[in-house]
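The exercises below ask the reader to work from coordinates to a reasoned description. Please examine the structure shown here before reading the solutions.

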Amino acid sequence: MASLIEVEGVSQIFETREGQANWALWQVSLEIEAGEFVCLIGPSGCGKTTLLHLIAGFMKPSEGRVRFAGAPVGEPGPDRGVVFQEYALFGWMTARQNVEFGLRMRGMGRAERRERAREALARVGLERALDRYPHELSGGMRQRVAVARALVNEPRVLLMDEPFAAVDAITRTTLQDDLVRLWQQTGVSVVFVTHNVDEAAFLAQRVVVMRPHPGSVKRSMTIDLPYPRQRSSAEFAGLYADIGAALGE
């Protein structure tokens, strides 16, 4: 049986302002299974976000192919929910209206989409914030709205581009706990871009370490440490060290 996501020999080239070729990705091959939590980690310039955008269907590869559920990826779709580093919420809409937006674009009736949005916000702990606007919410709450907006479409995978980078350390830890809980409850696959070793060690079943210039896969590390993970444990410290060493190879 084919993997949920198949990236086969993918290279991506961009042209600089000087007209020179810049290879953002070079011959990347990667498979991600249904229900798997994978973190992509590496320094700036290793193509993590480009790879995520290719899976999302925001662009097409210069070489190679990307397949999702056995079909070529040609455009974005509700089966691939995307959560960006910036919250990307509509400031003139309430939390519920932001979550409803995609459902409304798909033609879902008002009563059903309102109930679906309420359920999605309750799932991320924001049932009491249905009618609040983004400027009335903290950074962590805004990112929870963004996650609810992605989940409400019942995607098969969440594609997350450093979604917790803009919040403080305490909020970030809480959001990481929430994400693990949601992943376990829903069974959705997660592809999570980060440059934070601690975050990758805490979240992932598998860590894909990437090298820059051009971006390519350096190493794929399967993580056997069970959930919930304790950052104070010797096992976690060892895992942190292993990922750090792989980055430095």
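What follows is a set of exercises, each with a worked solution.

The model is predicted: local features need pLDDT of at least 70, side-chain atom pairs count only at pLDDT 80 or more, and totals for chains, interfaces and linings use all residues. Residues are numbered from 1 along each chain as its sequence is written, and side-chain values use heavy atoms, with hydrogens and water left out.

**Exercise 1. Overall form**

Task: Establish how many helices and strands the protein has, and compare its radius of gyration with that of a compact globule.

Solution. Begin with secondary structure, where helices (H or I, at least four residues) and strands (E, at least two) are DSSP runs numbered from the N terminus. The protein contains seven helices and 10 strands. Next, take the radius of gyration over C-alpha atoms and apply the globule rule, 2.2 Å times the number of residues to the power 0.38. For 249 residues the rule predicts a value near 18 Å, and the protein agrees because its own value is 18 Å. Along the principal axes, the C-alpha atoms fill a box of roughly 50 × 45 × 40 Å. Finally, consider contacts (heavy atoms within 4.5 Å). Of those between residues at least 6 apart in sequence, 68% join residues at least 24 apart.

**Exercise 2. Surface and charge**

Task: Determine what percentage of the residues is buried, what area the protein exposes, and how far apart the mean positions of its positive and negative charges are.

Solution. A residue is buried under 20% relative accessible area, exposed over 50%, and partly exposed in between (1.4 Å probe, protein chains only). By this criterion 49% of the 249 residues are buried. The Shrake-Rupley method with a 1.4 Å probe supplies the accessible areas. The exposed area is about 11800 Å², of which carbon and sulfur atoms supply 49%. For the charges, Lys and Arg count as positive and Asp and Glu as negative, while His and the chain ends are not counted. Each charge is placed at NZ of Lys, CZ of Arg, CG of Asp or CD of Glu. The 29 positive and 30 negative charges have mean positions 5 Å apart.

**Exercise 3. The packing of helix α2**

Task: Identify the buried residues of α2 and the elements against which they pack.

Solution. Helix α2 spans residues 95–105, and its buried residues are Ala 95, Arg 96, Asn 98, Val 99, Glu 100 and Leu 103. To read such a pattern, recall that an α-helix has 3.6 residues a turn, so residues three or four places apart point the same way. The buried residues of α2 pack against α3 (110–123) and α4 (139–151). After α2 comes Gly 107, with a positive phi near 90 degrees.

**Exercise 4. Cysteines**

Task: Count the disulfides and decide whether Cys 39 is buried or exposed.

Solution. A disulfide is a pair of cysteine sulfur atoms within 2.5 Å. The count under this rule is zero. Cys 39 is in no disulfide, its nearest cysteine sulfur being that of Cys 46, 13 Å away. Cys 46 is likewise in no disulfide. Cys 39 counts as buried because its relative accessibility is 0%, and Cys 46 is buried at 1%.

**Exercise 5. Backbone geometry**

Task: Locate the cis peptide bonds that precede Pro 214 and Pro 228, and examine phi at Gln 27 and His 213.

Solution. Most residues other than glycine have a negative phi, and most peptide bonds are trans. The bond joining His 213 and Pro 214 is cis, with omega about -5 degrees. Pro 214 is placed in the loop between β9 (206–211) and β10 (216–222). A cis bond also joins Tyr 227 and Pro 228, with omega about -10 degrees; Pro 228 is in the loop between β10 and α7 (234–248).

Turning to phi, His 213 has a positive value near 55 degrees and is exposed, at 66% relative accessible area. Gln 27 has a positive phi near 50 degrees. Gln 27 belongs to strand β2 (residues 21–32) and is partly exposed, at 44%.

**Exercise 6. An exposed loop residue**

Task: Place Lys 60 and list its contacts.

Solution. Lys 60 is in the loop between α1 (48–56) and β4 (63–68). Its relative accessibility is 57%, so Lys 60 counts as exposed. Not counting residues up to four places away in sequence, Lys 60 touches Gln 12, Leu 54 and Gly 74. Lys 60 and Gln 12 are 48 residues apart along the chain, with their C-alpha atoms separated by 8.4 Å.
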